[in-house]
Amino acid sequence: MRNRVANRSGIVIRRRVTPAGDIIVTLLTPQGKLKAVARGGVRGPLSSRLNLFHHVGTQVYQGPHNDLASVKQAVLEGALPTLAEPERYAFAHLMAEFADALFQEGEFSEQAFELFAAALRGVAHQPDPEWVALVMSYKLLGLAGILPQTARCARCGAPEPEHPDPLGGQLLCRSCAALPAYPAASLDFLRGVVRRTVRMSMDRPVAAAERPLLWRALEKFVAVQVGNVQSWRQLVPSAGAAAS
Ligand SMILES: [Zn+2]
């Protein structure tokens with residue numbers, strides 16, 4: 001019987017410490033999502049390395065009967081210290097929970113890893129981290145093949161809908177809608193963000209006042225299409241504002 005040791009490099013997107021002092025981490029890697037435990041990790045050098053948003057190179061051991069892999073070693077390969085700033089931290093946390101909800105364990109996606117890593121760098125360095133988070137959330141959805149319908153009314157199929165769809169986060173035509181139409185810039189964003197390059201979307205940010213409506217649409221769309229996103233939903237700005 002052979003035990004398996006593997007080297008995996010990835011970004012910590014979830015971290016939990018158990019009462020026994022183990023650290024359970026979820027890494028997003030170019031080979032997919034990986035959940036592993038560092039036993040007794042809180043008391044050793046792994047504790048500071050296996051921090052949220054750190055890019056780490058790990059050696060993991062998969063025992064013959066353990067379902068959860070063990071982290072044996074971890075080296076820090078990259079960190080984004082500006083993510084500690086409260087506003088940036090909030091959006092980085094949102095992106096990490098989003099990636100966790102969107103991608104399954106073992107699902108191979110180098111592109112998802114690259115896009116997520118770019119999103120974190122953007123949130124860390126761009127002057128408008130909220131806009132980075134909105135743009136990259138839609139790009140990650142597009143990569144996962146979960147695309148909001150924007151060409152036709154989500155309810156009746158009429159062309160060129162312009163109104164919010166409060167239940168499904170897509171778009172409704174004038175006769176199906178109860179809410180006023182989206183402002184032009186928001187509508188342009190919703191119609192174009194998935195196929196446009198990140199740079200193009202970054203160059204035409206929607207005004208801050210219009211964003212709560214976009215967050216609400218994203219939150220609804222993801223809740224309906226992805227499901228099981230409770231922890232993510234609590235981090236979405238509009239959901240938080242509505243709850244408080
Ligand atoms: Zn309609």
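A salt bridge is a side-chain nitrogen of Lys or Arg within 4 Å of a carboxyl oxygen of Asp or Glu. Keep that rule in mind for the views below, which come from a predicted model.

**View 1. Two domains share one chain.** The domain assignment splits the chain into domain 1 (4-79) and domain 2 (83-243). Their C-alpha centres lie 29 Å apart. Where they meet, 15 residues of domain 1 are in contact with 22 residues of domain 2. The size of an interface is often given as the accessible area lost when the parts come together. Here domain 1 and domain 2 bury about 1,500 Å² between them, and 67% of that area is on carbon and sulfur atoms.

**View 2. Salt bridges and polar contacts cross the interface.** How many salt bridges does the rule find between domain 1 and domain 2? There are three across this interface. As a salt bridge to look for in the model, take Glu 97 and Arg 14: their side chains meet with 2.8 Å from N to O. This fits the rule because the cut-off is 4 Å. Across the interface of the two domains there are also five residue pairs in polar contact, with both residues at pLDDT 80 or more.

**View 3. Strands supply the domain 1 side.** Now look at the side of domain 1 that touches domain 2: β1 (4-17), β2 (23-29) and β3 (32-38) each supply at least two of its residues. Which of the strands gives the most to this side? It is β1, with four residues. Sorted by class, this side of domain 1 has six nonpolar, six polar and three charged residues.

**View 4. Strand β5 pairs with β3 and with β4.** Strand β5 covers residues 69-78 and runs parallel to β3, with two bridges joining them. In this pairing, you can find Ala 36 opposite Ala 69 of β5. Strand β4 (residues 55-62) runs antiparallel to β5, and seven bridges join the two. Here, Gln 59 stands opposite Gln 73 in β5.

**View 5. Ser 109 sits in a loop.** Where is Ser 109 placed? This residue belongs to the loop between α2 (86-102) and α3 (110-125). The side chain of Ser 109 reaches the backbone nitrogen of Ala 112 at 3.0 Å. Once neighbours within four places in sequence are left aside, Ser 109 is in contact with Thr 29, Pro 30, Gln 31 and Gly 32.

How values were computed
Residues are numbered from 1 along each chain as its sequence is written. This is a predicted model: local features need pLDDT of at least 70, side-chain atom pairs count only at pLDDT 80 or more; totals for chains, interfaces and linings use all residues. Side-chain values use heavy atoms; hydrogens and water are left out. Domain bounds come from an automatic or database domain assignment. Contact means heavy atoms within 4.5 Å. Buried area is the accessible area (1.4 Å probe) that two parts lose on being put together, summed over both. A polar contact is a pair of N or O atoms within 3.5 Å; within protein, one must be able to donate a hydrogen and the other to accept it, and residues adjacent in sequence count only if both atoms are side-chain atoms. Ala, Val, Leu, Ile, Met, Phe, Trp, Tyr, Cys and Pro count as nonpolar, Asp, Glu, Lys and Arg as charged, and the others, Gly among them, as polar. Two strands pair if DSSP finds at least two bridges between them.
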